[in-house]
There are 2 protein chains.
Amino acid sequence: MVWCSRETSRLLCPIGKIKSKRQQAIADREQDLLVIAEQIMEREGFSALTMDKLVSACSYSKGTVYNHFNSKEDLFCALCIKSMKQLLHLFRRASHFEGHHRERMLAIHFAYRLHAMTRPTLFLCVLTAQTPAVREKSSAERLQQQTELDQEVTKICTSILEQAVAAGELTIATPEYVDALTFASWAISFGSNALMSGDCDSGVIERLDAEKALLFNVSLLMDGMGWLPLSREWDYQNSWQRIGSELFAAELLAISDMDKAPISQF
Amino acid sequence: MVWCSRETSRLLCPIGKIKSKRQQAIADREQDLLVIAEQIMEREGFSALTMDKLVSACSYSKGTVYNHFNSKEDLFCALCIKSMKQLLHLFRRASHFEGHHRERMLAIHFAYRLHAMTRPTLFLCVLTAQTPAVREKSSAERLQQQTELDQEVTKICTSILEQAVAAGELTIATPEYVDALTFASWAISFGSNALMSGDCDSGVIERLDAEKALLFNVSLLMDGMGWLPLSREWDYQNSWQRIGSELFAAELLAISDMDKAPISQF
DNA sequence: ACCTGAACACCGTTCAAGT
DNA sequence: ACCTGAACACCGTTCAAGT
């Protein structure tokens with residue numbers, strides 16, 4: 001992997017390769033730090049996350065923390081990467097949903113929404129990591145890893161689209177069309193989720209509304225693609241629920257527990 | 001305006017009302033400060049914008065600057081508001097485009113893309129202002145003004161949609177459907193622009209690609225709505241160009257000058 | 001009623017000394 | 001080869017004194 005050339009003398013930790021015991025320990029420590037950072041944000045808000053607080057909340061020294069993240073922004077970038085890795089796992093599961101290919105793509109969008117709900121903090125880290133102030137000060141390695149993950153996510157969508165074409169569900173003018181359709185799918189999902197997470201101050205009713213809106217938006221887009229069966233010929237509301245119960249039952253249970261907790265407490 | 005109750009003893013400056021000469025001077029100063037802040041970001045990058053730099057770049061004292069913005073994040077929020085006001089102006093112009101209603105909605109999307117290109121810094125301020133770290137520390141007044149502007153933008157879209165329904169271009173199941181369609185339009189535009197501005201390091205070819213992708217995405221969505229004439233019955237590529245030349249000729253000229261400038265200089 | 005800038009607390013980052 | 005934490009520079013914010 002060419003991009004792994006390290007001009008900075010940071011901790012050795014080749015990505016996606018077999019690690020020595022020492023390297024593994026370092027990687028574990030990094031995961032510890034990310035968990036602690038996430039906890040600070042959840043407890044005290046995003047702006048409360050400072051390097052000082054992270055250092056005093058963990059068992060390592062300032063210098064060691066800075067061996068992992070060469071700036072506060074780099075830490076945010078690392079959180080964004082963690083978020084995208086989780087998303088990728090959900091997407092892989094979604095891509096094997098038992099149904100036709102349009103339903104599988106819907107499962108991808110379901111997974112994205114699910115991630116935004118179950119891990120709101122990590123989801124917002126992705127948003128924050130798109131910010132120029134963060135990108136300017138993140139390490140080249142991590143920015144590269146970010147685009148790599150982006151490509152892997154894209155690959156999953158592309159593959160579903162290609163299968164749909166092969167199955168005759170979808171007709172495309174040229175092969176490059178698939179990339180355009182992937183981008184459109186990604187854009188509607190990102191846009192919907194980002195705009196919805198803006199005012200997520202309310203409770204359960206809002207959540208159901210948000211899901212409905214996403215399903216609606218995605219359905220419009222796929223109908224526009226001419227992806228069969230069209231929404232007037234198929235009950236995607238039902239597909240949506242099937243995806244939830246067959247693929248993500250455990251995660252949804254965790255959410256409803258989260259919803260209940262604050263109510264029973266106050 | 002109820003929400004204008006000011007618990008903080010900040011500078012008096014009622015929004016959208018007639019201002020006294022003194023209040024006008026204060027409002028002008030605020031605009032000065034925003035221009036300077038924008039210049040700092042353009043010259044030195046987003047992370048270079050500090051309150052110290054803003055103070056030394058302007059002719060006012062630290063205390064005075066803090067009378068306008070009660071935190072650095074509040075300053076970002078103010079820049080976001082400025083950005084949205086400019087957007088609103090462009091949208092109003094777009095909404096009067098000479099053509100059918102689907103073309104008018106397309107003009108809205110054109111205006112959004114145009115704004116992202118001509119004022120990239122301000123556009124990215126909107127993205128930054130969605131970030132929880134900024135929202136947490138912005139003043140209640142400005143956050144309120146932000147949602148007010150959001151609503152005004154929404155109103156323009158809604159009105160175009162309603163006119164399209166009245167003209168028989170578009171059929172909707174229930175009146176609330178209009179809100180859902182507005183949200184979908186907003187989501188595809190925001191999503192496309194946000195994702196595209198992520199890697200806007202390149203030149204002219206990229207720009208044309210970005211425009212093509214946006215037109216493509218929007219067309220898919222509107223086709224999905226069943227908004228007549230459908231993209232297979234009408235040349236929206238041509239509409240796109242007409243919008244540019246008839247509505248935003250001056251702005252487009254400014255962009256091509258910007259593109260040329262760095263080439264001739266280096 | 002508003003402006004000023006010194007003063008303060010905290011935060012991000014570095015690096016010489018240690019193991 | 002990596003860890004440590006004192007030290008430093010800078011940044012955000014406040015507020016008593018001034019007009």
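These are my notebook entries on salt bridges and on the protein surface near DNA strand D.

**Ground rules**

I'm working with a predicted model, so I kept in mind that local features need pLDDT of at least 70 and side-chain atom pairs pLDDT 80 or more, while totals for chains, interfaces and linings use all residues. Residues count from 1 along each chain as its sequence is written, chains are lettered from A and ligands numbered from 1 in the order written, and side-chain values use heavy atoms, leaving out hydrogens and water.

**Salt bridges**

I searched the whole structure and got 22 salt bridges over all chains. The term means a side-chain nitrogen of Lys or Arg within 4 Å of a carboxyl oxygen of Asp or Glu.

I looked up A:Arg142 and found it paired with A:Asp74, with 3.2 Å between the closest N and O atoms. A:Arg142 sits in helix 8 (residues 140-166) of chain A and A:Asp74 in helix 4 (residues 72-94), so this bridge ties together parts 68 residues apart in sequence. Helices here are DSSP runs (H or I, at least four residues), numbered from the N terminus.

Buried or exposed? I checked A:Asp74. A:Asp74 is buried at 0% relative accessibility, and A:Arg142 is buried at 7%. (Buried is under 20% relative accessible area, exposed over 50%, partly exposed in between, with a 1.4 Å probe and protein chains only.)

Next I went to chain B. B:Lys62 bridges to B:Asp52, the closest N and O atoms being 2.5 Å apart. B:Lys62 is in helix 3 (residues 62-68) and B:Asp52 in helix 2 (residues 51-57) of chain B, so the pair ties together parts 10 residues apart in sequence. B:Lys62 is partly exposed at 44%, and B:Asp52 is partly exposed at 48%.

**DNA strand D**

Which residues come nearest to DNA strand D? I noted A:Arg29, A:Thr64, B:Met51, B:Lys62 and B:Tyr66, out of 16 residues around the strand. Near means that a heavy atom of the residue lies within 4 Å.

I met B:Lys62 again here: an N or O atom of its side chain is 2.8 Å from a base oxygen of the strand. For B:Tyr66, a side-chain N or O atom is 2.9 Å from a phosphate oxygen.

I also checked which parts of the strand the protein meets. Of the strand's atoms within 4 Å of the protein, 68% belong to sugar or phosphate and the rest to bases.

Last, I asked where the surface near the strand comes from. Helix 3 of chain A gives the largest share, four residues.

Methods: Helix = DSSP H or I, 4+ residues; strand = E, 2+ residues; numbered from the N terminus. Polar contact = N/O pair within 3.5 Å; in protein donor to acceptor, adjacent residues only side chain to side chain.
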